[in-house]
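Good morning, and thank you for joining this group meeting. Please take a moment to look at the structure before I begin.

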Amino acid sequence: MKKRGEDLRLTDGGLGEEYEIPCYDDSPTWLLDNAWEKAMEVGRNSLAAYMKFCKEENLPHSYLLGLDILFMGKVDPNNHNRLIDLRPTLVEGPCCNSYPACPAVDAYKLYRRLQHKGFDPDRVDYPNHPTMVRQKIANMLIGVFHRAGGTGMPRAAVFTRPYPESEEETAHIEMVKAFKKAGMETYRITPDEKPEVKGGKLWVHGKPIDIVYRRIERIHVPEFYGEELGNKIINEATDTIFINPWKIDDLRSKTIEERVFRRWEADNPDRPVSR
């Protein structure tokens, strides 16, 4: 594998303490046939377990869920460019995802880079095509707004914290573009925009926000927005729809996640969640 190009930089760490993560994305592996079927099985079982737990505990569920799945495999001794015996293992279940992650942008960039390098990334079928993931999220926001009783196009925002130039920052900008392209009046909200809460809604630049694509954990809102405003955003902006709901952050716990999956497996012994 080749080391990543300069056009993709991944960072980790807290604000002001970011460091670069090595990224190897120039040697794609496509999941085909039985390997893909097994990956879907792992995903569907874990999502079913999550939804069952939310229903039984009367918790609002996420609109967008993510799964971190580790794929273990072996190199084919007769063809070192081929992986065999791929086995998916769930690393982070949906209960650990309090807000949507940014593969919506990563998948698009990787897809275009593969085309540029002469690969044919359309040799396989995708659950959602990499060029259409952001559009699908935008349409989902509009659909959620209408199901909540809204009419016309919602006024949207990407709600986040300050980031230096990074892949996370790029994801915010790209999602704002996607929402605008879908016809939504869209804003990016950080503490610099000085948002406020009034009349049950989150406001920015003198405009009430109908729906928010959240890119910040609940515990970090008072830290970056201040205790008073942060608590108002979480507890008083009840007429603004947040994707995902703040209550979902209570599930960001390995202990609770294990409870979710063990409860599911007790009722569905023939459908285990791969761990």
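E258 counts as partly exposed, because its relative accessibility is 29% and the partly exposed class lies between 20% and 50%. Please keep in mind throughout that this is a predicted model. R262, at 34% relative accessibility, also counts as partly exposed. These two residues form a salt bridge, in which the closest N and O atoms are 2.4 Å apart. Both residues lie in helix α7, which covers residues 254–267, and they are four residues apart, about one turn of the helix. Why does a spacing of four places suit such a pair? An α-helix has 3.6 residues a turn, so residues three or four places apart point the same way. Side chains of opposite charge can then pair when their charged atoms come close.

Let us stay with α7 for a moment. Its 14 residues should span 20 Å at 1.5 Å a residue, and the end C-alpha atoms are indeed 20 Å apart, which agrees. The helix also has buried residues, namely I256, E257, V260, F261, W264 and E265.

I turn now to helix α1, residues 33–56, where E56 and K52 are also four residues apart, about one turn of the helix. Their side chains meet in a salt bridge of 2.6 Å, N to O. E56 is partly exposed, with a relative accessible area of 44%. The helix has 24 residues and reaches 35 Å from its first C-alpha to its last, close to the 34 Å expected at 1.5 Å a residue. Among its buried residues are A39, V42, A49, Y50 and F53. Just after α1, N58 takes a positive phi of about 55 degrees.

How do salt bridges join K52 and E56 to other residues? Through shared partners, K52, E56, E57, R263 and D267 form one network. In the whole model, the count comes to 14 salt bridges.

A further pair offers a contrast in setting. R134 forms a salt bridge with E174, with the closest N and O atoms 2.8 Å apart. This pair links distant parts of the chain, since R134 is in helix α3 and E174 is in helix α4, 40 residues apart. Is R134 buried or exposed? R134 is buried, because its relative accessible area is 11% and buried means under 20%.

Let us move to the interior. In soluble globular proteins, nonpolar side chains tend to be buried together. The largest nonpolar core here has 19 residues, and I137, L141, F179, I211, Y213 and I243 touch the most other members. At least two residues each come from α3 (133–147), β5 (155–159), α4 (167–181), β10 (211–214) and β11 (241–243). Which element gives the most to this core? That element is α3, with eight residues. There is also a second, separate core of 18 residues, which includes F159, V204, V212 and I233.

Please look next at T240, in the loop between α6 (227–236) and β11. T240 is buried, with a relative accessible area of 4%. Leaving aside residues up to four places away in sequence, T240 touches G200, K201, L202, I209, D210, I211 and V212. The C-alpha atoms of T240 and R155 are separated by 10.0 Å, although the two residues are 85 apart along the chain.

By comparison, E223 lies in helix α5, residues 221–225. E223 counts as exposed, at 56% relative accessibility. E223 and R161 are 62 residues apart in sequence, and their C-alpha atoms are 9.6 Å apart in space.

Finally, I shall describe the chain as a whole. The protein chain contains seven helices and 11 strands. Of its 275 residues, 41% count as buried. Among contacts between residues at least 6 apart in sequence, 67% join residues at least 24 apart. The accessible surface comes to about 15,200 Å², and 50% of it belongs to carbon and sulfur atoms.

One caution concerns confidence. The chain averages a pLDDT of 81, and 81% of the residues score at least 70. Over residues 1–8, however, the pLDDT is below 50, although this stretch has 22 contacts in the model beyond near neighbours in sequence. Where pLDDT is low, the predicted coordinates should not be read in detail. Thank you for your attention.

Terms used
Residues numbered from 1 in each chain as written. Predicted model: local features only at pLDDT ≥ 70, side-chain atom pairs only at ≥ 80, totals over all residues. Heavy atoms only, no water. pLDDT = per-residue confidence, 0-100. Contact = heavy atoms within 4.5 Å. Buried < 20%, exposed > 50% of the residue type's maximum accessible area, 1.4 Å probe, protein only. Areas by Shrake-Rupley, 256 points an atom, 1.4 Å probe, with all protein chains shown as cover. Core = buried A, V, L, I, M, F, W, Y, C linked by side-chain atoms within 4.5 Å. Salt bridge = Lys/Arg side-chain N within 4 Å of Asp/Glu carboxyl O. Expected span 1.5 Å × (residues − 1).
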